[in-house]
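Q: I am new to reading protein models. Could you take me slowly through one part of this one, starting from a single helix and working outwards?

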Amino acid sequence: MKFKKKLNYLIVGYGTIGKIHLKILSKFKNIEKIFVVEKDIAKHPKKKINKVHFFKDLKKLNLKIMKIKLASICTETETHLDIAKYLLNNSINVLVEKPLAQNSHTAKKIINFAVKKNKTLFTGHVERFNPVITKLKKLFEKNYFGKIYSISLQRIGPEPPKLKNRDIVLDLSIHDVDLINFLTGDTNIFKKIIKIKNKLDVYDSAHLILKRRKLFIYIESNWISPTKFRTIRIIGEKKSADADLIEQKLNVNYKTEFKNKLGVNKINSKSIKIEKKEPLKEQLKFFIYSSLSNKKLSNQFALKSLKSIGL
Ligand SMILES: NC(=O)c1ccc[n+]([C@@H]2O[C@H](COP(=O)([O-])OP(=O)(O)OC[C@H]3O[C@@H](n4cnc5c(N)ncnc54)[C@H](O)[C@@H]3O)[C@@H](O)[C@H]2O)c1
């Protein structure tokens with residue numbers, strides 16, 4: 001995907017994820033200027049990149065003169081509604097970091113406002129752009145695993161730099177809630193959500209469990225594991241699979257043969273070839289392309305992920 005026009009891009013919020021948006025966007029050749037707005041700018045070391053300009057107050061910018069048509073909202077979740085409305089009101093297409101809002105009621109307000117303003121809105125559930133997920137989605141559609149008995153997803157470690165007012169389910173588990181909705185093509189409602197304060201003074205671990213007819217879904221999220229894992233295990237009637245979302249690896253196991261009475265067995269497995277991609281880069285390209293071609297995107301998936309966790 002290539003875009004021809006020279007563009008100016010706005011990033012609101014220069015914390016953990018805003019810095020990653022900037023790192024990727026600054027390498028896009030067709031982006032001429034990037035404006036970064038950070039209210040606590042003194043706290044953040046500014047990158048010295050020619051085309052990047054830092055500001056402190058969004059409301060003091062003349063967005064029309066700055067010719068901004070595209071923006072990423074990378075601020076704390078509860079600020080998304082106000083900032084999204086302000087940008088959409090200024091005719092700017094908006095990519096909002098996940099989760100779209102702190103609950104589905106507020107998320108709906110953002111979605112409706114974008115429709116009213118006739119602008120492109122997209123929610124950054126970035127794992128949908130992980131090539132392993134793209135592959136798994138195709139395998140699910142082909143019924144490759146046969147009847148699926150269980151899916152377990154792990155998103156554990158490390159401790160993020162800032163934890164104040166963070167909710168582990170809204171912040172971390174929601175990635176996997178969205179993935180499970182995406183892969184199964186359903187809205188899965190997690191009635192059993194267990195949150196634990198294991199080590200930190202916030203809920204640092206969560207376990208989400210769902211049994212739907214004979215399918216069992218389990219999501220484990222934490223900020224305390226010393227090792228970082230982002231994995232998915234699928235157990236199906238015909239095949240099972242292990243996916244590693246960080247390494248972008250996918251292994252399929254299709255038959256275990258018992259070799260002797262001691263239970264020594266042979267697992268027949270193969271690794272599926274995955275062409276590695278940077279998910280956030282793919283997501284940003286998708287958002288820019290959709291906006292430039294005036295394509296309106298559905299954000300129902302973002303709403304569903306919030307409903308799935310009872311918000
Ligand atoms: N896609 C992912 O994998 C991923 C990863 C991390 C965070 N996130 C999401 O991104 C959002 C931000 O998370 P974070 O960890 O980067 O938070 P953060 O606290 O590190 O950064 C947010 C920044 O926004 C700034 N800010 C807040 N309001 C502002 C305003 N009105 N104008 C200018 N700056 C403002 C804050 O000062 C802060 O520096 C959250 O919704 C979070 O869930 C997504």
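A: **A helix and the sheet beside it**

Let's begin with helix α1, residues 16–25, where Gly18, His21, Leu22 and Leu25 are buried. Buried here stands for 20 or more other C-beta atoms within 10 Å of the residue's own, exposed for 12 or fewer, and partly exposed for anything in between, with C-beta atoms placed from the backbone. Helices (H or I, at least four residues) and strands (E, at least two) are DSSP runs, numbered from the N terminus. The four buried residues sit on the same side of α1 because they cover an arc of only 100 degrees around the axis. That arc is taken from the directions that lead from the helix axis to the C-beta atoms. An α-helix has 3.6 residues a turn, so residues three or four places apart point the same way.

A word on the model itself: it is predicted, so local features need pLDDT of at least 70 and side-chain atom pairs count only at pLDDT 80 or more, while totals for chains, interfaces and linings use all residues. Residue numbers start from 1 along each chain as its sequence is written.

What do the buried residues of α1 pack against? Their partners are β1 (7–12), β2 (31–37), β3 (52–55), β4 (68–73) and α6 (279–292). Contact means that the C-beta atoms of two residues, placed from the backbone, lie within 7 Å.

Now for the sheet. It is open and has 6 strands, in the order β3-β2-β1-β4-β5-β6, with parallel pairing. Two strands pair if DSSP finds at least two bridges between them. At the edges are β3 and β6 (121–124), each pairing on one side only. From one strand to the next, the twist averages 20 degrees. Angles run from 0 to 180 degrees between N-to-C directions, and axes are lines fitted to C-alpha atoms, for helices over the stretch in contact.

Look next at β4 and β5 (residues 93–97), which run parallel and are joined by 4 bridges. Within β5, Asn93 is the bridge partner of Leu70. Helix α2 (residues 80–89) packs on the sheet and touches β1, β4 and β5, and its direction makes about 165 degrees with that of β5.

Follow the chain into the loop between β5 and α3 (104–117), and you find Pro99 there. The peptide bond from Lys98 to Pro99 is cis, with omega near -15 degrees. Most residues other than glycine have a negative phi, and most peptide bonds are trans. A little further on, Asn118 lies in the loop between α3 and β6. Asn118 is not a glycine, yet has a positive phi of about 60 degrees. Asn118 counts as exposed, because 10 C-beta neighbours lie inside 10 Å.

Last comes the ligand. It is surrounded by 24 residues, and the closest are Gly13, Gly15, Thr16, Thr75 and Glu97. A residue belongs to this group if its C-beta atom, placed from the backbone, lies within 6 Å of the molecule. Helix α1, our starting point, gives the most to this shell, with 3 residues. By class, the shell has 8 nonpolar, 8 polar and 8 charged residues. Ala, Val, Leu, Ile, Met, Phe, Trp, Tyr, Cys and Pro count as nonpolar, Asp, Glu, Lys and Arg as charged, and the others, Gly among them, as polar.
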